[in-house]
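I opened my notebook to jot down what I looked up in this model, one entry at a time. Feel free to follow along with the structure beside you.

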Amino acid sequence: MNFQGGKGVFHVHMYQDEHVKIMKGMLEPGAFIGFHAHVKNSEIIFITEGHGKVRYDDTEEAVTAGSCHYCPKGHAHSLINSGNQNLHFYAVVPEHE
């Protein structure tokens, strides 16, 4: 619930070791992952189904199935399901330190 200060349930299957996290995630309509900074890692998100938006630093971009978003180390972002269907995605978070 309310992952990273977001809203709603973030359904996730997470696989991780000391170097990387790989997540298969889903956000229900209206749910979002809270705005958060990547201090020691980066994140790549690939949208597989649905549509929504990404808040990235001071900008906002639409995402749909087939979209890829990258948040480098030192930047911040949030993933928002602004659609009326579930938003499915894969995320990869490699550690840099």
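Which residues make a nonpolar surface patch? I found that Tyr15, Ile22, Ile44, Tyr70 and Val92 make it, with an area of about 440 Å². A reminder to myself before going further: this is a predicted model.

**Entry: the patch and its strands**

I took Tyr70 next, and placed it in strand E7, residues 68-71. Its relative accessible area is 44%, so I wrote it down as partly exposed. In a regular strand the side chains alternate between the two faces of the sheet. I checked E7 for this pattern: His69 and Cys71 point to one face and are buried, while Cys68 and Tyr70 point to the other and are not.

Which strand is joined to E7 by four bridges? I found strand E4, residues 43-49, and the two run antiparallel. Across this pairing, Ile45 stands opposite His69 of E7.

Two other patch members, Ile22 and Val92, turned up as partners: Ile22 stands opposite Val92, which is in E9. The strands concerned, E2 and E9, pair in the antiparallel sense over eight bridges.

**Entry: E1 and E2**

I then followed E2 to its other partner. Strand E2 covers residues 20-27 and is joined to E1 by seven bridges, again antiparallel. Met14 stands opposite Met23 of E2. How many residues does the hairpin from E1 to E2 pass through? I noted three.

**Entry: the aromatic pair**

I looked for aromatic pairs and the structure gave me one. The ring centres of Phe10 and Phe89 are 5.8 Å apart and their planes meet at 10°; planes under 30 degrees apart count as stacked, so this pair is stacked. The pair links distant parts of the chain: Phe10 is in strand E1 (residues 10-16) and Phe89 in strand E9 (residues 87-94), with their positions 79 residues apart.

Are these two rings' residues buried or exposed? Phe10 counts as buried because its relative accessibility is 13%. Phe89 is buried as well, at 2%.

I also took a distance from Phe89 to His75, C-alpha to C-alpha. The two are 14 residues apart in sequence and 20 Å apart in space.

**Entry: the four-stranded sheet**

What is the strand order in the open sheet of four strands? I wrote down E3-E8-E5-E6, with antiparallel pairing. Its edge strands are E3 (36-37) and E6 (59-64), each of which pairs on one side only.

Within this sheet I counted six bridges between E5, residues 51-56, and E6, and these strands run antiparallel. Lys53 stands opposite Ala62 of E6.

**Entry: charges**

How many salt bridges does the structure hold? I found one. It is made by the side chains of Glu60 and Lys53, at 3.7 Å from N to O. Side chains of opposite charge can pair when their charged atoms come close.

I compared the two partners against the cut-offs. Exposed means over 50% relative accessible area, so Glu60, at 51%, counts as exposed. Lys53 has 27%, so I filed it as partly exposed.

Another charged residue caught my eye: Arg55 lies over the face of Phe35, at 3.8 Å from the ring centre.

**Entry: a positive phi**

Most residues other than glycine have a negative phi, and most peptide bonds are trans. I therefore made a note of Asp57, a residue other than glycine whose phi is positive, near 50°. Where is Asp57 placed? I found it in the loop between E5 and E6. With a relative accessibility of 25%, Asp57 counts as partly exposed.

**Entry: after E9**

My last stop was His96, found in the segment after E9. Its relative accessibility is 42%, so His96 counts as partly exposed. What separates the C-alpha atoms of His96 and Asn41? I noted 5.2 Å, for residues that are 55 apart along the chain.

How values were computed
Residues are numbered from 1 along each chain as its sequence is written. This is a predicted model: local features need pLDDT of at least 70, side-chain atom pairs count only at pLDDT 80 or more; totals for chains, interfaces and linings use all residues. Side-chain values use heavy atoms; hydrogens and water are left out. Two strands pair if DSSP finds at least two bridges between them. Rings of Phe, Tyr and Trp (its six-membered ring) pair if their centres lie within 6.5 Å; planes under 30 degrees apart count as stacked, over 60 as edge-to-face and the rest as tilted. Buried means under 20% relative accessible area, exposed over 50%, partly exposed in between (1.4 Å probe, protein chains only). A charge sits over a ring if NZ of Lys or CZ of Arg is within 6 Å of the ring centre and within 35 degrees of the ring normal. Patches are made of residues with over 30% relative accessible area and no salt bridge: like charges are joined within 9 Å, nonpolar side chains (Val, Leu, Ile, Met, Phe, Trp, Tyr) within 5 Å. Accessible areas come from the Shrake-Rupley method with a 1.4 Å probe; for residues, only the protein chains shown count as cover. A salt bridge is a side-chain nitrogen of Lys or Arg within 4 Å of a carboxyl oxygen of Asp or Glu.
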